[in-house]
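Hi everyone, thanks for coming. I'd like to walk you through a structure today, one piece at a time, so please have a look at the screen.

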Amino acid sequence: MAHRGHGTDPEPFRVILALETSCDDTCAAVVTGEGEIRSNVISSQGVHDRYGGVVPEIASRHHLELIGDVVDDALARSGASLPDVEMVAVTCGPGLVAALLVGVATAKGLAAAHELPLAPVDHLHGHVAAAFLGPAPFEPPFLSLVASGGHTLLARVTERGPGYEVIGHTLDDAAGEAFDKGARLLGLGYPGGPALERLARDGDPDAFEFPTGRKLAGLDFSFAGLKTALLYRVRDLGEQEADQRRADLAASYQRAIVESLAIRVERALAQTGLERLSVGGGVAANGPMRDRMRSLGIELHVPARELCTDNAAMIASAARFVDVLPYPNYLDLDVYATGERMLIAR
Ligand code: KG4
Ligand code: ZN
């Protein structure tokens, strides 16, 4: 173990190097065992917008090109070097298999070369575990809402490990997917969430009424009808008027997504008796969504925006609370595409 090399009582670095490549962001982070972020590097590929979505094989190829530099950058910015790392962590799923494989193969190589243990992390546990990062970790018990491009779920979190209980999830599209598809209908680029949020700033959220799925009882979400409602509304208005009222359409559509999330959060708080809420996932970067959750008047944890969207610091955070594989027991570690542990939890 290396030492910082100054002062009379040098402290050893005790850091985790984490990798995340489940979708189109190539991420590496260095985090201490206490959850202090030393570096958090995110390289967004920015090559998928011309296709209107992420193309798995292209994402995979870009991860391969970027991962070495992203890891070097994360180490350099943290002030640590590879011999300072005491554990490697990596996202094993759910996500795009070809993309996940790049992170897992790289992590295995780094860990094995230094005979380090490896922590396999579930991406959704990562989003939940963003709440446990410093400087002010949010401790269980709390209700967690994870709303991203691939997943939307509510979980009762009573421990920091992966044993949280999923109590609601989407029956069709994810909330971020609803943003992306709505944005596409309004002629905006990918990823649609931030673009739609920007357009909505000039619009009236009460201009149009879109379904929030209020009639769907329970804690599950549904966004497919909302997207269809926008499609029909744009058609009914006709090209010219729809074009003139794009900001109103965006603001009203965004309002419906946010309300749909808020309705289930309120139900879940009432049902579980929990009085504290943490939000995460890319959609939690949305300003009106953050404001709406603040308006609930409960104790709320909203991570910094770069910890809501995909990042490796949250993977390092989760890694502290999973079963770690000692060297060399991870050489046959595999990836998985779907949220299998989410289904087990239900
Ligand atoms: O968590 P994330 O980075 O990746 C996944 O695990 O999917 O979430 C990406 C999703 C995309 O659908 C993107 O449009 C959405 O989060 N998103 C937003 C905002 N920033 C990202 N949605 C609404 N408003 C935003 N500001
Ligand atoms: Zn994610």
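Let's begin with the metal. Along the chain, the donors of the zinc ion (ligand 2) follow the spacing H-x3-H-x182-D. Keep in mind that this is a predicted model.

So which residues hide behind those letters? The protein donors of the zinc ion (ligand 2) are His-123 and His-127, each through NE2, and Asp-310 through OD. They lie 2.1 Å from the zinc ion. Now look at how far along the chain the site reaches: His-127 sits in helix 3 (residues 123–129), while Asp-310 belongs to the loop between helix 9 (305–308) and helix 10 (313–319). These two are 183 residues apart, and the pair links distant parts of the chain. Are His-127 and Asp-310 buried or exposed? Both are buried.

What about the geometry? The zinc site has 4 donor atoms, with angles of 94 to 148° among them, and it is irregular. Four donors count as tetrahedral only if all angles lie between 85 and 135 degrees, so the upper end of that range rules the label out.

Next, the sheet. As a reminder, strands of a sheet pair through backbone hydrogen bonds, either parallel or antiparallel. Here, 5 strands form an open sheet in the order 3-2-1-4-5, with mixed pairing. At the edges are strand 3 (37–44) and strand 5 (118–122), each pairing on one side only. On average, neighbouring strands are turned by 15° against each other, direction ignored.

Let's zoom in on one pair. Strand 4 (residues 85–93) and strand 5 run in the parallel sense, over 5 bridges. In strand 5, Leu-118 is the bridge partner of Val-88.

Two helices pack on this sheet. Helix 1 (residues 56–78) touches strand 1 (15–20), strand 2 (25–32), strand 3 and strand 4, and its direction makes about 25° with that of strand 2. Helix 2 (residues 97–113) touches strand 1, strand 4 and strand 5, and its direction makes about 160° with that of strand 4.

Finally, a single residue, Thr-170. You'll find Thr-170 in the loop between strand 8 (165–169) and helix 4 (175–185). Why do we call Thr-170 buried? Because its relative accessible area is 14%, and buried means under 20%. The side chain of Thr-170 reaches the backbone nitrogen of Asp-172 at 3.3 Å and the backbone oxygen of Asp-173 at 2.5 Å. Beyond its neighbours within four places in sequence, Thr-170 is in contact with Thr-152, Phe-221, Ser-222 and Phe-223.

That's my tour, thank you!

Conventions. Residues are numbered from 1 along each chain as its sequence is written. Chains are lettered from A and ligands numbered from 1 in the order in which they are written. This is a predicted model: local features need pLDDT of at least 70, side-chain atom pairs count only at pLDDT 80 or more; totals for chains, interfaces and linings use all residues. Side-chain values use heavy atoms; hydrogens and water are left out. Helices (H or I, at least four residues) and strands (E, at least two) are DSSP runs, numbered from the N terminus. Buried means under 20% relative accessible area, exposed over 50%, partly exposed in between (1.4 Å probe, protein chains only). A polar contact is a pair of N or O atoms within 3.5 Å; within protein, one must be able to donate a hydrogen and the other to accept it, and residues adjacent in sequence count only if both atoms are side-chain atoms. Contact means heavy atoms within 4.5 Å. Two strands pair if DSSP finds at least two bridges between them. Axes are lines fitted to C-alpha atoms, for helices over the stretch in contact, and angles run from 0 to 180 degrees between N-to-C directions. Donors are N, O and S atoms within 2.8 Å of the metal (3.2 Å for Na, K and Ca); water is not among the atoms, so sites may look incomplete. Four donors count as tetrahedral if all angles lie between 85 and 135 degrees; four count as square planar and six as octahedral if opposite donors are over 155 degrees apart and all others between 65 and 115; anything else is irregular.
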